[in-house]
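The following explanation goes through a protein model and its contacts, beginning inside the protein and ending at the nucleic acid. Please keep the structure open while reading.

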Amino acid sequence: MKLIKLTLPNGDIKEVTYGTTIGEAAVSIGSRLAKEAVCGRFNGELKDLSWQLIHAGDLEIVTTDSPDGVEVMRHTAAHIMAQAVLRLWPEAKLAIGPTIQDGFYYDFDMDHSLSSDDLEKIEAEMAKIIAEDYQVTREELDPGEARRLFESHEDIYKLELIEGLDEQDKTISIYRQGEFFDLCRGPHLPSTGKVNAYKLLSVAGAYWRGDSRNKMLQRVYGTAFFKKSQLEQYLHRLEEAAKRDHRKIGRELDLFSISEEGPGFPFFHPKGMVLRNLLEDFWREEHTRRGYSEVKTPIMLREELWHRSGHRDHYHDNMYFSEIDNQRYAIKPMNCPGGILMYQRKIHSYRDLPIRMGELGLVHRHELSGTLHGLMRVRSFTQDDAHIFMRPDQIEAEIIGVIDLIDYVYKIFGFPYHVELSTKPENAMGDDAIWEAATDALRKALENKGLDYKVNEGDGAFYGPKIDFHLQDCVGRTWQCGTIQLDFMLPERFDLSYVGEDGQKHRPVMLHRVVFGALERFIAILTEHFAGAFPTWMAPVQVMLIPVAEDHVAYAHKIAARLDELRIRYEIDDRNEKIGRKIREAQLQQVPYMLVLGNNEVNEGNISVRHRRQGDLGKFEPDQFIQQINAEIKEKQLD
RNA sequence: GCCGAUGUAGCUCAGCAGGUAGAGCACUUCCAUGGUAAGGAAGGGGCCACCGGUUCGAGUCCGGUCAUCGGCUCCA
């Protein structure tokens, strides 16, 4: 009998007989391992436990605690869901059903429109399929067989997928469980009974192949875990994220609102303005320090300018237009053309470069109505923009300068982040050579900084490639904020120049960049990240003065005068209420410090300090407290 | 823009066999002068998103519009 040598992850060599399945191999390695086994990884490829080993190679048993194991199980869960849907609505056509981060979905084409009540029905049917514990088996078919099989069920979407697979010369495999079968690469769990903790989460529309010209299908989202406790933990996390929703907190803390009179055009309330102004102050301080100047360009400019810049051709659908004195105007969706006009006002020497021109620019973009979302997705927003005009030899140093700035700013807020590089998109201006040079410059700067990055092919802006910074909030979600875009195109289009050492005209290179991205969105992210409990330096109200009774209001004003000197933001709660109530409300407003002022304090000339998280901190000399909170603010401490 | 759901007081929500609207919180006034997360009482407040239809009668049924929510597409 022929023996096969398997190399295990720890380097051990295991010999098994020809034709042994991965599942059997797992048993022979250890019974505990076999119990936890989900599938195997043979020479880097995931295979079913029933896969037969017929030649030597590396074998790893993928277990329930590995990310791959979870993904395989979710894929099986998606099949079980599809099976359940077909049992309930036999006319449904299956499209695709992949796993995604934290779960899976399956797209269906069916007349019955699914409601959340239906999710329960589907879940119940899934429970039956799991209890019935069908074997999940793999079959490999040639394209003709596969076509016939799916044609017999009029599975138009699967047939389209098969066409694609056939072109790529890939093996066509299907998986069966009970009466159900599906086109699938696999691998899968050995049987449906192995799926344990699952939950269907929502139904939504989704275009076939993600293309809005195609039919809209019904997508059911779900998730599954090996352990009930993990599922519960995940659902709990969703609840926590919902509690942090900036739309809810924004209302509760009176930061901003959006009126039906202006969908996508937010109103900032006084407390939201405090946040905005602080971000702007911080931004100005950092930019001044780093050699930026600040400008402001007009909201509206002649439409002709936007033809020259290329926006009219490449960005038309997102722009608003208007008319003044029979002249066509456009409302700016970006700040760059204005910045360029500013650059062109005079002749520049090579000695003047780089020019770092910052602008907190209010831009308007027509976003599709269905995409608006609180402050995260709006139709008018303020970019913390800057345009750097520079000589080609300055490109790398300037990019590195921006990378350092972004790194500095994100660390102040305690955000970890990662970086992505986006290359030439389909609707791009300019030829490939320029794009390549620009993309190389960005890549070089990243490599010089030793930053790891992911590449997004075809995801760049129409005028140049970009580096995106994705920060991660405390619930683990990521948000694209900062970007650096290199642009050889607009300087060309606008015939920008500087006078070189040789007295001749040369073409400068432009860099577009933002750090926060948009103030509106950044405020939304901060709100969710801190769940409304902004660090003291940002808190709209930093101190709540709480006189115990009417007699103590005068003393509160005396303390307040001291806070005024240092521009510490406070409120005096002089309502005729018990202090328990005043404290509760200050807590709910996430005020960092509450000062309780009653007879004891007035007589002793001190204050009782309560912190929103640490509770009662005891008595303080007013000066001592004020110095302490002032330091906390100046150092922008996170609490 | 597309698919689905939703739209009742400032907020959270109840109401429904179609008979002209209700709670808690908030707000106002009064009483209580209170010591670390809600003191008590009284009162004001709604063109039930908007427009049209069915009906003797519509918050409730039907159609349209607008907005919001969950996604898709897109993106700061």
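Across the interface of domain 3 and domain 4, 1 residue pair is found in polar contact, with both residues at pLDDT 80 or more. On the domain 3 side of this interface, helix 9, which spans residues 270-289, gives the most, with 3 residues. The residues on that side divide into 3 nonpolar, no polar and 2 charged. The coordinates being described are those of a predicted model.

The interface also holds 1 salt bridge by the rule applied. Glutamate 571 forms a salt bridge with lysine 271, and their closest N and O atoms are 3.6 Å apart. The size of an interface is often given as the accessible area lost when the parts come together. For domain 3 and domain 4, that buried area is about 390 Å², with 45% of it on carbon and sulfur atoms.

To place this interface in the chain, consider the domain assignment. Chain A is divided into domain 1 (3-63), domain 2 (68-241), domain 3 (252-297 + 336-530) and domain 4 (543-634). The contact between domain 3 and domain 4 takes 5 residues from each of them. Taken over C-alpha atoms, the centres of these two domains are separated by 41 Å.

The remaining topic is the nucleic acid. Which residues come nearest to RNA strand B? There are 53 residues around the strand, and the nearest of them are Tyr207, Arg377, Ala549, Arg581 and Glu601. The residues of this surface divide into 19 nonpolar, 17 polar and 17 charged.

Several secondary-structure elements each supply at least two residues of the surface near RNA strand B. Among them are strand 12 (197-207), strand 13 (216-225), helix 8 (246-252), strand 25 (478-487) and strand 28 (509-518). Helix 18 (579-588), helix 19 (599-604) and strand 32 (607-611) are also included. Helix 18 gives the most to this surface, with 7 residues.

On the RNA side, the atoms of strand B within 4 Å of the protein are split between sugar or phosphate, at 48%, and bases, which account for the rest. Individual atom pairs illustrate both kinds. A polar side-chain atom of arginine 251 is 3.1 Å from a phosphate oxygen of RNA strand B. For serine 369, an N or O atom of the side chain lies 3.4 Å from a phosphate oxygen of the strand. Glutamate 550 instead has a polar side-chain atom 2.6 Å from a base oxygen of RNA strand B.

Methods. Residues numbered from 1 in each chain as written. Chains lettered and ligands numbered in written order. Predicted model: local features only at pLDDT ≥ 70, side-chain atom pairs only at ≥ 80, totals over all residues. Heavy atoms only, no water. Near = heavy atom within 4 Å. Polar contact = N/O pair within 3.5 Å; in protein donor to acceptor, adjacent residues only side chain to side chain. Helix = DSSP H or I, 4+ residues; strand = E, 2+ residues; numbered from the N terminus. Nonpolar A, V, L, I, M, F, W, Y, C, P; charged D, E, K, R; others polar. Domains from an automatic or database assignment. Contact = heavy atoms within 4.5 Å. Buried area = accessible area lost by both parts, 1.4 Å probe. Salt bridge = Lys/Arg side-chain N within 4 Å of Asp/Glu carboxyl O.
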